[in-house]
Amino acid sequence: MSESIAEASPLSQQPPQALLERLKDYGQEDAFALWDELSLEERLLLVKDIESLDLSRIDRIIQCSLQSHSLPTSVIEPVPEGSVSSVEERRPEDKARWWKMGLKAISEGKFAVLLLSGGQGTRLGSSDPKGCFNIGLPSGKSLFQLQAERILCVQRLAAQSKNDTASSTGNSVMIHWYIMTSPFTDESTRKFFEYHKYFGLEVEQVTFFQQGTIPCISKDGRFIMETPYKIAKAPDGNGGVYSALKSSNLLEDMSMKGVKYLDCYGVDNALVRVADPTFLGYFIEKGVAAATKVVRKAYPQEKVGVFARRGKGGPLTVVEYSELDSNLASAINQETGRLRYCWSNVCLHMFTVDFLHQVANGLEKDNIYHLAEKKVPSIHGHTTGYKLEQFIFDAFPYAPSTALYEVLRDEEFAPVKNANGSAFDTPDSARLLVLRLHSRWVVTAGGFLTHSVPLYATGVEVSPLCSYAGENLEAICRGRTFHAPCEITF
């Protein structure tokens, strides 16, 4: 291995000349501005920090992103009504067919799950990974455990669907779970899974990998220095998953395992139907490269991104709420009576593995990141600058075909983003959504509920190990009475 610049150069007087020249090539020589004030140890840290960067790649990203940011936003148009599989148009026989198709693909090992889990629970008042958070359900389970147990349940259902004699153990079908962390959550996420014995999953079916980081920049494209010897960096957004999968060789790993379809979702949704067989069956039957679950926007000014087309007949994309003019946000489709831009992005996606190869290559070639204006910790206090991010939905413009699949908000979307006491998307609001849905399942299955507080403020929790989406509960619930709040298990 070749000797690094840090090892080859005396650091007592001047910055390493070769490294300084490389920085000058990209207009970033100010990273060495405080060199004379640094100790020898600090100089070593600064040199290693700069050496760790792919300067030519980062420069391309900065230049392309600043240029794109300055261009006028493309005209958008609504998603055609006929391109969405709506709840009211879905027949029971369609759902039954898709359910069977999905379970068959899962039992054949053609399916895996990808979790986006790079964020900390800072807004929840915790420095732990969001997935470690306990939203206060009767069981006390974390988001990670709820999701792991849903995977276990689907494995069992898939094994039973092929009349496997070993189906009762759930081990004859294995869904691989790829979990993207960040440098800030990786170690604690791994330790959490180890401590909880992977929540009943096999160790070999869980793969952790890290998203990348990228320097924060000033508005003129210069690196912001967090300290005199460290460049300020931030995670590259949940869309960093594409380059991370490629650089970690995990797309090849999926192909080697025979995986053709990948379910992708964000960690902070207490009602997420991980590995949903119905959605997978729909996806396979449509024969598209990408699909996404959508919910109807609750009201015009709701702070959610919506699906739209960029340009007349252009590619499907997500328009963030801040980009959507208030008149467009409030516009009504006169035929349906709904908002024209009503299909909200809730980060519940399905991709073919072949398509993900194309996306990783396309995003790398285009080098365009979103610029998020933020207060960045720096040697001058909190400096206004840009964090460069890619988003998971940046994949959709590359898709030759995309399907939108409507789901009901109160069945599949319970976001956990803000601390209790906030107006929306809190652990308390997510817990109540779970309890209310599961209470409906129990009553539908013939059970009865008693409660000492108003039912709108409580309910029962059904363990994912009992039922994935309300199925197979009659034997447990019919004729029985449950006192809320409680957890229903086998």
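**Entry 1: W177**

I opened this predicted model at W177 and listed its contacts, leaving aside neighbours within four places in sequence: V113, L115, F144, Q147, A148, I151, F193, L201, Q205, V206, T207 and Y265. Next I looked up the core around it. W177 belongs to the largest nonpolar core, which has 49 residues, and together with F111 and F193 it touches the most other members. I then asked which element gives this core its largest share. That is helix 6, residues 143-161, with nine residues. I also found a second core, separate from that one, with 42 residues, and I noted F209, L316, F393 and L404 among them.

**Entry 2: strand 11**

Moving on, I went to strand 11, residues 290-296. How many of its seven residues are buried? I count six, so I call the strand mostly covered, since buried means under 20% relative accessible area.

Then I checked its partners. Strand 14, residues 343-352, pairs with strand 11 in the antiparallel sense over six bridges. Strand 17, residues 402-406, runs parallel to strand 11, and five bridges join the two. A290 makes a handy marker here: F351 stands opposite it in strand 14, while T402 is its bridge partner in strand 17.

**Entry 3: T292**

I stayed in strand 11 and picked out T292. Is T292 buried or exposed? Its relative accessibility is 0%, so T292 counts as buried.

I was curious what its side chain meets. A polar contact of 2.8 Å joins the side chain of T292 to that of H349. A polar atom of the T292 side chain also lies 3.3 Å from the backbone oxygen of L348. Setting aside neighbours within four places in sequence, I list F279, F307, L348, H349, F396, A403, L404 and Y405 as contacts of T292. One of these, L404, I had already met as a member of the second core.

**Entry 4: cysteines**

Last, I searched the whole structure for disulfides and found zero. I looked at C466 in particular: it is in no disulfide, and the nearest cysteine sulfur, that of C477, is 8.0 Å away. C486 is in no disulfide either, with the sulfur of C477 as the nearest cysteine sulfur at 9.5 Å. Why do I rule these distances out? A disulfide needs the two sulfur atoms within 2.5 Å.

I noted burial for both residues. C466 has 3% relative accessibility and so counts as buried. C486, at 19%, counts as buried because the cut-off is under 20%.

Definitions and conventions
Residues numbered from 1 in each chain as written. Predicted model: local features only at pLDDT ≥ 70, side-chain atom pairs only at ≥ 80, totals over all residues. Heavy atoms only, no water. Buried < 20%, exposed > 50% of the residue type's maximum accessible area, 1.4 Å probe, protein only. Helix = DSSP H or I, 4+ residues; strand = E, 2+ residues; numbered from the N terminus. Pairing = 2+ DSSP bridges. Core = buried A, V, L, I, M, F, W, Y, C linked by side-chain atoms within 4.5 Å. Contact = heavy atoms within 4.5 Å. Polar contact = N/O pair within 3.5 Å; in protein donor to acceptor, adjacent residues only side chain to side chain.
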